[in-house]
Structure formats: structure tokens, C-alpha cells
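Today I opened the notebook to look at the aromatic rings and what sits around them. Here is the model I worked from.

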Amino acid sequence: MNKIGIIGAMELEVAALKEQMNCTRRLTCAGMEFWEGTLNGANVVIVQSGIGKVLAGICVQILADKFEVTHVINTGVAGSLNADLDIGDIVVSQDAVYHDFNVTPLGYAPGQVPGRSEVAFTADPALISAAMESCKRVNPDIHCLVGRIASGDQFISDKTTKERIIRGFAGYCAEMEGCAIAQAATANSIPFVIIRAISDKADDSAEMDYPTFEKAAAHHSALLVADMVQRI
Ligand code: ADE
């Protein structure tokens, strides 16, 4: 039986999903509140992880160990790194990389985690397809691309850093949890996908745009996730 772990870093990224779900059990673990129940007929555990890579990784491990989830979906917002992606548009992860993981002095590629041959963590093809189907259905006017998520413990709000990440990692958007969720899910052999709606352009306008657009963007992503759980 499938059980889908749904992670948002911030309350506004999971609030709409919690409202829609039928919650049968709440459990607090590592300071995170896990809401277990059903959403549109699917078994789900919805949780706000908190911001950043460490909390995101802890969150996935709890979903794996305590809830035995079969799939992981990360929903939220991100800064755009791609000129084709405007505020409100959506990125579905092809894969995820760390833009701040650097063991290059020891001969590793930028972003490469020692012990792995690949730099990127690849998302599950069936979850990517389900997300794209749902995007067409629930957000028909929203531009939705499959691409690379670039994660780091950093809010990107200047052009120089943005361009370094684009050049070095070919990311479509920047955020702060996706790759940690990808790494922890991969370590537990759990298929994952990351869904991120664009809240800002990850440049000098980001500090102004983010607070203005985060709520609407988070809602776009959550709408998509509420629909796609029925397809898993
Ligand atoms: N989440 C939303 N916008 C972001 C940005 N510009 N950098 C990192 N995380 C983000």
C-alpha cells in the first residue's frame, strides 16, 4: 500500500494541503509535526520540515523510519535561474544538485558528494509524469518545466551568485531543501520528486519579490500536489 510523504519547509507551503486532508494521527518528532491521514483518497503524511538542508534530511529519515512512506514529494517555492521561468511558473525536478557542496580540492566535481559517481540525484520518472499531468489539469495557464533543482543553505539574491549557480550547475531554480530531500530519499531507496513554484528571480529583486509572491507561488505548488497524489 502506498503512503506518500509530503514535505514543505514552511507552514505556508503545507497549509492548504493540511486543510484539505483528513487527518487521523498527529505525531511530533524532532520538533516537526507529522500529520497522517488521507488526501483525495491517497494515504499521506504531511509535514513542515523547517528551512535548510539538515532539517530536510532529518525529516525524510523520520518519514522513512517511523511512517514507512513509499514516496516522497517536496512542495514549495524557489528563485528562478532560467529566463523562461517567471514568477508563478513551476519547476518539476528532473534531478537535484547541491550548489554549495564543494570537495573540489580533493578531486571531486563541484557539487559531488564523495562516495557517489554522479553529481545529481535523479527524480522518479513516474512521479515526474504524474506531476506534469496534474499541472496541465489544475494549473493550465501556468508554465511548467521539468528541470534541475539547485539547493544550498543560502537565499540567493544577487546576480553574481545566481550566475555562478547557472554556469556551474545548470539549475532551473534555487531553493534550500530539495537536494537534501533527494539525497535522503535516495539513501532509503524511496522514489521522490520536487515541485517548486517560482516566487522570485534569485537576483537583486528577490528580497522585494519573495514576500510579495511567496504565498501565491506556494499555493500553485500545493494545488498540483493535491491533484497528483491521486495518480500515484
Ligand atoms: N526560495 C525561494 N526563493 C529563493 C531564493 N532566491 N534562494 C533560495 N531559496 C529560495
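**Rings and their neighbours**

I began with a charge over a ring: the charged end of Arg116 sits over the ring of Phe121, 3.8 Å from its centre. I kept in mind that this is a predicted model.

Phe121 came up again when I looked for clusters, as Tyr98, Phe101 and Phe121 form one aromatic cluster.

I then checked Trp35 and found Arg26 over its face, at 3.9 Å from the ring centre.

Next I asked myself how many aromatic pairs the structure holds. I noted four aromatic pairs. One of them joins Phe34 and Phe67, with 5.2 Å centre to centre and 25° between the planes, and I logged this pair as stacked. Phe34 belongs to strand β3 (residues 32-39), while Phe67 is in the loop between α2 (53-65) and β5 (71-80), so the pair ties together parts 33 residues apart in sequence.

Are these two rings buried or exposed? Phe34 is buried, at a relative accessible area of 0%, and Phe67 also counts as buried, at 2%.

I turned to Phe155 and Tyr210, whose ring centres are 5.3 Å apart; their planes stand at 80°, so I wrote this pair down as edge-to-face. This pair links distant parts of the chain, 55 residues apart: Phe155 is in the loop between β8 (144-151) and α4 (159-169), and Tyr210 is in helix α6 (residues 206-228).

For accessibility, I noted Phe155 as partly exposed, at 39%. Tyr210 has a relative accessible area of 19%, and I entered Tyr210 as buried because the cut-off is under 20%.

Note on methods. Residues are numbered from 1 along each chain as its sequence is written. This is a predicted model: local features need pLDDT of at least 70, side-chain atom pairs count only at pLDDT 80 or more; totals for chains, interfaces and linings use all residues. Side-chain values use heavy atoms; hydrogens and water are left out. Rings of Phe, Tyr and Trp (its six-membered ring) pair if their centres lie within 6.5 Å; planes under 30 degrees apart count as stacked, over 60 as edge-to-face and the rest as tilted. Helices (H or I, at least four residues) and strands (E, at least two) are DSSP runs, numbered from the N terminus. Buried means under 20% relative accessible area, exposed over 50%, partly exposed in between (1.4 Å probe, protein chains only). A charge sits over a ring if NZ of Lys or CZ of Arg is within 6 Å of the ring centre and within 35 degrees of the ring normal.
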